[in-house]
Amino acid sequence: MKGAVLVALAASIGNFLQGWDNATIAGAMVYIKKDMALKSSVEGLIVAISLIGATIITTCSGPVSDWVGRRPMLILSSLFYFLSGLIMLWSPNVFVLCIARLLDGFGIGLAVTLVPVYISETAPSDIRGLLNTLPQFTGSGGMFISYCMVFSMSLSVSPSWRLMLGVLSIPSVLYFILTVFFLPESPRWLVSKGKMLEAKKVLQRLRGVEDVSGEMALLVEGLGIGGETSIEEYIIGPAEEFEGEAADEKDKIRLYGPGEGLSWVAKPVTGQSSLALASRQGSLINKSMALMDPLVTLFGSVHEKLPESGSMVFPNFGSMFSTAEPHVKNEQWDEESQRGDDYTSEAGGVDSDDNLHSPLLSRQATSMDKDMVPPPSHGSILSVRRHSSLMQGNVEAVGNTGIGGGWQLAWKWSEKGEDGKEGGFKRIYLHQEDIPGSRRGSILSLPGEDVHGEGEFIQAAALVSQPALFSKELKDQRPVGPAMVHPSETVSKTPIWSALLEPGVKHALIVGIGIQILQQFSGINGVLYYTPQILEEAGVEVLLSNMGIGSESSSFLISAFTTFLMLPCIAVAMRLMDISGRRRLLLTTIPVLIVSLLILVVFELVTVSTMVNAAISTICVVVYFCIFVMAYGPIPNILCSEIFPTRVRGLCIAICAMVFWIGDIIVTYSLPVMLSAIGLAGVFGIYAIVCIVSWIFVYLKVPETKGMPLEVIAEFFSVGARQAAKGATN
């Protein structure tokens, strides 16, 4: 995974520059105010105009990134940083300085909005949380280094604020070089545009392996938005263990292993899958706790039943179904090379799209197929090809269809039944569950189903829905077998605004917008504002003054120290993000924020002694900072980058980011007014109430997404939204 880690580090430099800028403007304003004799209103404008720029650019950054790609927008961010640094270095007057700060805000807005999206789309699901905490770490690291630089400059006889601000151009050059020459485009965005060969090469680089066909298939399935999804249950075992059973063969899915003659069968059952039980019992849960989101229950049922051994749940699966020769000629999936190649010939050692652009599955030829004269190809319809090599792997490592988090990807194809019922092509996300009855080398017994044998049996839950590229229009053309359309044919040239009305997307937007608003009003800005005052009361400035350090330099050094304390806490969060999970971290840390704020309120109202109050307040502020950056700081952005479908991820993340920046502006400008109206105790009391509301919101509405593929998360939101709608109707 070294490739994905290095790419995430390079992308996170955008957040490093944001942290750098936040610290330098805080330090430089001390000298700008003296040099230009600024009024307080103009001083506030210089600081705030970068927030305004970030808000403006955010409104269009998401849709544009869905159109032109994530990487070009990150390149543009680096250019904005570089130009703003050069202009701030020159800045002859306030007007030019404001223009530079506006450009700087554009760079900040693009980085804060799109870096989490880019990392989520390139990172493996099992370390996605860790890598997506990197922006928080690099941002705090940038603040620490910048405060150290400002402190050292403040010790000179005549510190130059222009030089402080202009230094931003130096690291931005590095960021530009990395975005242009090192960062690849997001493979999910490439697949959404039909650029399959390029996406395959990027995935091979990021994963460090040649065979990425399973993940490619997953990315293709992520192109769908909405659709009906059902939750089913299967038992999976060696094919020979099912021989002689009376069950209809059409109900079975045959999975082939890499070894000759080795095959497994997935058989539908009604058993004790926790995912299916959670789905069936969702209405009961809603009645007992009316506000609990069914989505939280569904996600929780998966994480509570994770198997103990590794992430590869179905060992030794090879190509699915069977290996019959196709009858229909295929066309290339890559829109860049529209060649009508016949997929019956193998590509050999040549790097081509032949091994990639088939639907990635095989099926058993039926007697009807053998007797039928195949129709000509319809446009860019794709049918199946031979030896698709879907499910190869082993217990130690995720194989071709191991898509992370204990999930695997499969398809099933059923012909028209004897009862006249129409057959269909279905995609299945399979998930092993570590429950009684999922055992190896023993007899498996389930309610209503007894399967005897000495083989291996696995209980699995499944999300079953129509494949993303098997559209109704294609179905009406009556292709032979499970055909697919070309991904580029499903691409909209403009943002899919109508998709925002799809129940799963609306549900995800409620979660994303809600947690962004609550985070902004949870008190971090107020605590930052209050920190210098309580540290001064604690006598820190007096101590530094006795060491010969001036008051201005002292404030910079104190800020550097406070920022430094955040770094080990973020490092701990990076470790826990994919172990404890996002939801558990929030539910654990928010109560600490509440207690810290309440203690600050108490000791603001009650004075024991100046030193005691200052000491306790200092401890509370440090604890608040450290706990905030562990969870409530990074997790809202991480969640927002995970919960939306690929086609509208940029658009939806822009909506959430715009809410973030508007909230930031409101909190920043309302704080002085609130302080004069209700005092510091009142402000912290309001923040404590918001944190309590935040905990309730997370408990009722925010699901656990750790380790799950982005496409499966979007599917769960679709299922959960429909369950919630049914519950409301009932």
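Reader: Why is lysine 33 called partly exposed?
Author: The model is a predicted one, and in it lysine 33 has a relative accessibility of 37%. Partly exposed lies between the limits of 20% and 50%, so lysine 33 counts as partly exposed. Glutamate 43, at 22%, is partly exposed too, because that value also falls between those limits.

Reader: What makes lysine 33 and glutamate 43 a salt bridge?
Author: Their side chains meet at 3.7 Å, N to O. The cut-off is 4 Å, so the pair qualifies as a salt bridge. Lysine 33 lies in helix H2 (residues 13-36) and glutamate 43 in helix H3 (residues 40-68), 10 residues apart, and the pair links distant parts of the chain.

Reader: How many salt bridges does the structure hold?
Author: The structure holds 16 salt bridges.

Reader: How do you know that glutamate 121 and arginine 70 form a salt bridge?
Author: Their N to O distance is 2.8 Å, and the limit is 4 Å, so the criterion is met. Glutamate 121 is in helix H5 (residues 94-122) and arginine 70 in helix H4 (residues 70-90), 51 residues apart. Both glutamate 121 and arginine 70 are buried. Asp66, Arg70, Glu121 and Arg649 are linked in a network of salt bridges.

Reader: What makes glutamate 642 and arginine 582 a salt bridge?
Author: The closest N and O atoms of the two are 2.4 Å apart. That is within 4 Å, so this pair counts as a salt bridge. Glutamate 642 sits in the loop between helix H25 (635-640) and H26, whereas arginine 582 is in helix H23, 60 residues apart. Glutamate 642 and arginine 582 are buried.

Reader: How many aromatic pairs are there by the ring-centre rule?
Author: The count comes to 12 aromatic pairs. Phenylalanine 684 and tyrosine 687 form one with centres 6.4 Å apart and planes at 45°.

Reader: Why is the pair of phenylalanine 684 and tyrosine 687 called tilted?
Author: The centres, at 6.4 Å, lie within the 6.5 Å limit, so the rings pair. An angle of 45° is neither under 30 nor over 60 degrees, and therefore the pair is tilted. Phenylalanine 684 and tyrosine 687 are 3 residues apart in helix H26 (residues 649-701), which means a separation of about one helical turn. Phenylalanine 684 and tyrosine 687 are buried.

Reader: Why is the pair of tryptophan 695 and tyrosine 699 called stacked?
Author: The ring centres are 5.4 Å apart and the planes are at 5°, which is under 30 degrees, so the pair is stacked. The two residues are 4 apart in helix H26, about one helical turn. Tryptophan 695 is partly exposed at 29%, and tyrosine 699 is also partly exposed, at 29%.

Reader: What makes the charged end of arginine 205 sit over the ring of phenylalanine 182?
Author: The charged end of arginine 205 is 4.9 Å from the ring centre, and the distance limit is 6 Å, so the distance part of the criterion is met.

Reader: Why is cysteine 98 called buried?
Author: Its relative accessibility is 9%, and buried means under 20%, so cysteine 98 is buried. Cysteine 620, at 6%, is buried by that rule as well. A search of the whole structure finds 0 disulfides.

How values were computed
Residues numbered from 1 in each chain as written. Predicted model: local features only at pLDDT ≥ 70, side-chain atom pairs only at ≥ 80, totals over all residues. Heavy atoms only, no water. Phe/Tyr/Trp six-rings, centres within 6.5 Å; stacked < 30°, edge-to-face > 60°. Buried < 20%, exposed > 50% of the residue type's maximum accessible area, 1.4 Å probe, protein only. Lys NZ or Arg CZ within 6 Å of the ring centre and 35° of its normal. Disulfide = S-S within 2.5 Å.
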